[in-house]
Amino acid sequence: MAWDDKETKVWIDGKFVEWKDANISVLSHVVHYGTSVFEGIRAYSNENGTAVYRLEEHVQRLFDSAKIYKMDIPYTQEEIAEAILETLRVNGLEGCYIRPIVFRGYGELGVNPLGCPVNVAIAAWEWGSYLGEEGMENGVDIGVSSWRKPAPDTFPTLAKCGANYMNSQLAKLEALDNGFDEAIMLDYQGHVSEGSGENIFLVEGDKLYTPTMASSNLKGITRDSIMTIARDLGYEVIEETISRERLYIADEVFFTGTAAEVTPIRSIDHRTIGIGKRGPVSEKIQKAFFDIVEAKTEDKYNWLSYI
Ligand code: PPE
């Protein structure tokens, strides 16, 4: 994201400002203590126009995250949803990634956040495949991180909070240092949790498995979409506690996320998974997902909000 080649406008507290002017004070609460909650949303362009994917669910999760941290968003959910659509219209954006963020701004410093206002910003930009275009077809190489997800009584993972991503960054940095594309993290008990920015699914025969929400993971909206799509395709989908070694012997493993969409995994900790590239079930599910967002099939779950 180069700083000076952006011609798009950013929505801040109800007004559009130029990208280069979308700034805050270095003394804002968020800069010192990570006081933010945010969303990652994608919009897709297809023959019917440009549509935001699962807008209502993302806005709901933003408000849920803010509620956990007692940040009162000074807008309604409808106003934020409309501001997101307006950001795409104003900027003439088609397929893109949208980042609404709620943060504690400039006021009184100190851990107590209550003396700082709750600000809201919405930015959007083009963002291709999260783990590389090639990975979408051939799969990516991942490693289990030595950094674990926080225990449930430390950082609440149902809140998509900026500070949680310091933990994700440790895992991501370690993975890159070890030559992997991405990390998988275990929860505080050593069970499989999720990637640094994705949920995870295993394919065993004609069944799909994904960790329950008790494994310190984010309640992914793509995770929900994929469970729905897979069940519709006739697969049984089971949420359960998953041990690390099941990753190695699964037939297929894939990541899901807004940025990652459906990304197949071809190796974990230097062990080849299944056939060593995108497996047939991953491919079928990936195709069903893209068929919906590309309007090649009916949007039967009403997941698309056209701008
Ligand atoms: N787990 C984590 C930790 C996570 O950050 C994401 C999204 C998911 C699971 C998948 O959730 P969902 O997008 O609702 O299906 N990660 C966002 C941020 C990635 C980033 O690098 O920033 C995203 O995909 O937008």
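Reader: What makes the pair formed by a backbone N or O atom of A259 and an oxygen atom of the ligand a polar contact?

Author: In this predicted model, the backbone atom of A259 lies 2.8 Å from an oxygen atom of the ligand. A polar contact is a pair of N or O atoms within 3.5 Å, so this pair counts as one.

Reader: How much of the ligand does the protein cover?

Author: On its own the ligand has 550 Å² of accessible area, and the protein covers 93% of that.

Reader: Which side chains place a polar atom at an oxygen atom of the ligand, and at what distance?

Author: Y130 has a polar side-chain atom 2.4 Å from a ligand oxygen. For T222 the distance is 2.5 Å. Both Y130 and T222 are listed with the closest residues, among the 21 that surround the ligand.

Reader: Which elements supply at least two residues each of the shell around the ligand?

Author: They are β6 (96-104), α6 (221-232) and β14 (252-257). By class, the shell has seven nonpolar, nine polar and five charged residues.

Reader: Where is E198, and how do you know that E198 has no salt bridge?

Author: E198 is found in the loop between β10 (192-195) and β11 (199-204). The nearest side chain of opposite charge, K172, is 5.4 Å away. A salt bridge needs a distance within 4 Å, so E198 has none, although E198 is buried.

Reader: What makes the pair of S196 and E198 a polar contact?

Author: The backbone nitrogen of S196 lies 3.4 Å from a polar atom of the E198 side chain. The cut-off is within 3.5 Å, so the pair counts.

Notes
Residues are numbered from 1 along each chain as its sequence is written. This is a predicted model: local features need pLDDT of at least 70, side-chain atom pairs count only at pLDDT 80 or more; totals for chains, interfaces and linings use all residues. Side-chain values use heavy atoms; hydrogens and water are left out. A residue is near a molecule or strand if one of its heavy atoms lies within 4 Å of it. A polar contact is a pair of N or O atoms within 3.5 Å; within protein, one must be able to donate a hydrogen and the other to accept it, and residues adjacent in sequence count only if both atoms are side-chain atoms. Accessible areas come from the Shrake-Rupley method with a 1.4 Å probe; for residues, only the protein chains shown count as cover. Helices (H or I, at least four residues) and strands (E, at least two) are DSSP runs, numbered from the N terminus. Ala, Val, Leu, Ile, Met, Phe, Trp, Tyr, Cys and Pro count as nonpolar, Asp, Glu, Lys and Arg as charged, and the others, Gly among them, as polar. Buried means under 20% relative accessible area, exposed over 50%, partly exposed in between (1.4 Å probe, protein chains only). Lys and Arg count as positive and Asp and Glu as negative; His and the chain ends are not counted.
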